[in-house]
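Thank you all for coming; I would like to walk through one structure this morning, taking it slowly for anyone who has not seen it before. Please have a look at it on the screen, and then we will begin with a single side chain.

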2 protein chains.
Amino acid sequence: MRFTSEQRLDVGVLEREFTLGEIPGTLWTPGPAPAPLILIGHNGGLHKRESRLVARARHAAAEYGYAVAAIDHPGHGGRPRSAVDEQARADLRRAMAAGEPVDEIFESFIGPLVEKAVPEWRTTLDALLALPEIGGPVGYSGMTAIGIRLAVVEPRIAAAGFFAGGYVPRAQREEARQVTIPLLFLLQWDDEGNDRQSALDLFDAFGTKEKTLHANMGGHAGTPWFEVDDGDRFFGRHLR
Amino acid sequence: MRFTSEQRLDVGVLEREFTLGEIPGTLWTPGPAPAPLILIGHNGGLHKRESRLVARARHAAAEYGYAVAAIDHPGHGGRPRSAVDEQARADLRRAMAAGEPVDEIFESFIGPLVEKAVPEWRTTLDALLALPEIGGPVGYSGMTAIGIRLAVVEPRIAAAGFFAGGYVPRAQREEARQVTIPLLFLLQWDDEGNDRQSALDLFDAFGTKEKTLHANMGGHAGTPWFEVDDGDRFFGRHLR
């Protein structure tokens, strides 16, 4: 893990860019003492430097004392996109414009994304937990598809907050019942790119007994800011 | 409003029993300065002195600085039950034991309960807001059926937390779209006495744009304690 830049924020948080092999990431730490860690997994147009993601990460570090890490998954942010990814995105745009079904197209690129991203998260986790300012336990917050697989295969993930707005491949829908860690599942009630019933079915399917659903009005990008605090408090119950 | 007993709690909260005409109630106040007010509406086997209700009220007063009031609705707690109420309850027990439909029985006594309880809440609210230690604004927390009607007819209610576990008469299901104040709707996912889909439909029907659903695993009485804090924080966003 190589730190490529650092910035000390007014709120006392140290914000550092890093690379780990091909993986670019950002790490926010609240101070030198070992802090519990939250991994932020994102998708779609998002980027580890996207302003809302950065605001969430800074808030969690400054107000709640978490270390927070985000990475750009393969094909995201500044990372190169494969020809296959580019083709899938073009197919998706065309199908959406034509009002055609999109599930198979999503399946063709979110499925492989999960397969590639989860090992990268585990490698990143190894490197992060070797730092003295990160103590664990570890939570995951963000994209559901990657989060399900990570929660199933990675015993160091102690709690997770999943955002329901995004395609979840059939393989991860099947794996949902193997998720047994405490969960907070966040749903936008009128998410234009996500079927509500399908999200409720997924919530029902998770294997854990300690799961909570928070649903708010509005579309995909309309999650109210107070859910950021609710998420930090959820992790406070399980990572402290 | 006549105070019939008072107790100063360790946490600095003053807990007083009162009567207002036929209405018995309890008032918790955090101090002499005007505090925002939360009304707790309860039902079923509950009573204004039920231990979990009392714990919630004390917590809201001590930790969050709210004044909190609970009353016993007609036929509840120590109040006399009418012959009609007694008959309805006997019918309900018999129908449940026989596995017969119960909606019409609930309709026959929850409907009239709403009609009687809401004017009592408004009278209580008049008396409470005349006290120097209560400032408003006012929130309502508890039973959905009474809360819907109260939110529709009482403009002093600024925000409400409804518990989905309980029968909601057809009249209140219709009125739900007239509810336009911020709402927190609390659902027990496996509530044995409450149809999940019917609760989700009701959440969908509320007219307000600022509504949030919190769903947790478990049965009717299994709401986790952290939802008490979440409710207090919800009111903090709307009553401060």
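Let me start with R196(B), which counts as partly exposed because its relative accessibility is 27%. Before going further I should say that this is a predicted model, and that everything I mention today is computed from it. The side chain of R196(B) meets that of D190(B) in a salt bridge, with 3.4 Å from N to O, and D190(B) is likewise partly exposed, at a relative accessible area of 39%. Elsewhere, salt bridges that share partners join R122(A), D126(A), E154(A) and R156(A) into one network.

In general, side chains of opposite charge can pair when their charged atoms come close. How many salt bridges does the count come to over all chains? The count comes to 32, and I will pick out two further examples from chain B. One of them is the pair of R81(B) and E86(B), whose side chains meet at 3.9 Å, N to O; R81(B) is partly exposed with a relative accessible area of 42%, and E86(B), at 38%, counts as partly exposed too. The other joins D91(B) to R94(B), with the closest N and O atoms 3.8 Å apart, and here both residues lie in helix α2 of chain B, residues 83–97, where they are three residues apart, about one turn of the helix. D91(B) is partly exposed, with a relative accessible area of 22%.

Let me turn now to the aromatic rings, of which the count comes to 20 pairs over all chains. F3(A) and F18(A) form an edge-to-face pair, 6.4 Å centre to centre and with 80° between the planes. Because F3(A) lies in strand β1 (residues 2–8) and F18(A) in strand β2 (residues 14–20) of chain A, this pair ties together parts that are 15 residues apart in sequence. Is each of these two rings buried or partly exposed? F3(A) is partly exposed, with a relative accessible area of 32%, whereas F18(A), at 1% relative accessibility, counts as buried.

The rings of F106(A) and Y167(A) have centres 5.3 Å apart and planes at 10°, so this pair is stacked. The pair links distant parts of the chain, since F106(A) is in helix α3 (residues 103–129) of chain A and Y167(A) in the loop between β7 (157–163) and α5 (170–175) of chain A, 61 residues apart. Both F106(A) and Y167(A) are buried.

There is also a cluster linked by ring pairs, made up of Y140(A), F162(A), F185(A), F203(A) and F206(A) together with W189(B).

Charges and rings come together as well: the charged end of R16(B) sits over the ring of F3(B), 4.3 Å from its centre, and the charged end of R237(B) sits over the ring of F226(A), 3.5 Å from its centre.

Finally, how do the two chains relate to one another? Chain B is superposed on chain A by a rotation of 180° with 0.0 Å of shift along its axis, at an RMSD of 0.0 Å, and the two copies are therefore related as by a two-fold rotation axis. In chain B, the C-alpha nearest that axis belongs to H214(B), at 2.3 Å from it. The same surface serves both copies, as 100% of the contact residues of chain B recur in chain A.

Key:
Residues numbered from 1 in each chain as written. Chains lettered and ligands numbered in written order. Predicted model: local features only at pLDDT ≥ 70, side-chain atom pairs only at ≥ 80, totals over all residues. Heavy atoms only, no water. Least-squares fit on C-alpha atoms with pLDDT ≥ 70 in both. Contact = heavy atoms within 4.5 Å. Phe/Tyr/Trp six-rings, centres within 6.5 Å; stacked < 30°, edge-to-face > 60°. Helix = DSSP H or I, 4+ residues; strand = E, 2+ residues; numbered from the N terminus. Buried < 20%, exposed > 50% of the residue type's maximum accessible area, 1.4 Å probe, protein only. Lys NZ or Arg CZ within 6 Å of the ring centre and 35° of its normal. Salt bridge = Lys/Arg side-chain N within 4 Å of Asp/Glu carboxyl O.
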